[in-house]
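Reader: I have a model open and some labels to check. Can you take me through the criteria behind them?

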Amino acid sequence: MLYRVILSLGSNYNEQQNMAFAVEQLKRLFLSIRFSESYYTEPVGSSYSIGNYLNQVAIAYTDCSSDELKPLLKEIEKAAGRSPQLKAEGKIPLDVDLVKWSDWVIKPADLQQDYVLRGLFDLQEEP
């Protein structure tokens, strides 16, 4: 069975390079995936952020469960250089969040954020 997922991608450190890396890696991971345009936004709830984020939303289809998928997304973040040390400096090379898996909203607050809604609108998708 294939499950529809909504992913939120963000980077505020080497943004262009890290987002391109994320797109490449996610295309390998999912059976089918579409990406919104990239856009810059101000940080939401991040007092430690060094600057604006480059964001993107993806709609993908997978046969993985959410529990199987989450660690795979974390591995992509780590491969892009994400670390506790950089996070402490306010630098987020890559953040890939599983916002929705099938009908299960994993991150309800994220699904209401402008940066996610903007990407979904761009993709002409419903939350």
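**Labels and cut-offs**

Reader: Why is Gly 90 called buried or exposed?

Author: Gly 90 has 0% relative accessibility. Buried means under 20% relative accessible area, exposed over 50%, partly exposed in between (1.4 Å probe, protein chains only). So Gly 90 counts as buried. Gly 90 lies in the loop between helix 3 (84–88) and strand 5 (95–101). Helices (H or I, at least four residues) and strands (E, at least two) are DSSP runs, numbered from the N terminus.

Reader: What is the model's origin, and which numbering applies?

Author: The model is predicted: local features need pLDDT of at least 70, side-chain atom pairs count only at pLDDT 80 or more, and totals for chains, interfaces and linings use all residues. Residues are numbered from 1 along each chain as its sequence is written, and side-chain values use heavy atoms, without hydrogens and water.

Reader: What makes Tyr 61 partly exposed?

Author: Its relative accessibility is 31%. That value falls between the two limits, so Tyr 61 counts as partly exposed. Tyr 61 sits in strand 4 (residues 53–62).

Reader: How do you know that strand 2 and strand 4 pair?

Author: Pairing needs at least two bridges found by DSSP. Strand 2 and strand 4 are joined by 4 bridges and run antiparallel. Therefore they pair. Tyr 61 in strand 4 is the bridge partner of Ser 32.

Reader: Which residues make up the covered face of strand 2?

Author: Ile 33 and Phe 35 form the covered face of strand 2 (residues 32–35). Ser 32 and Arg 34 form the uncovered one. In a regular strand, side chains alternate between the two faces of the sheet.
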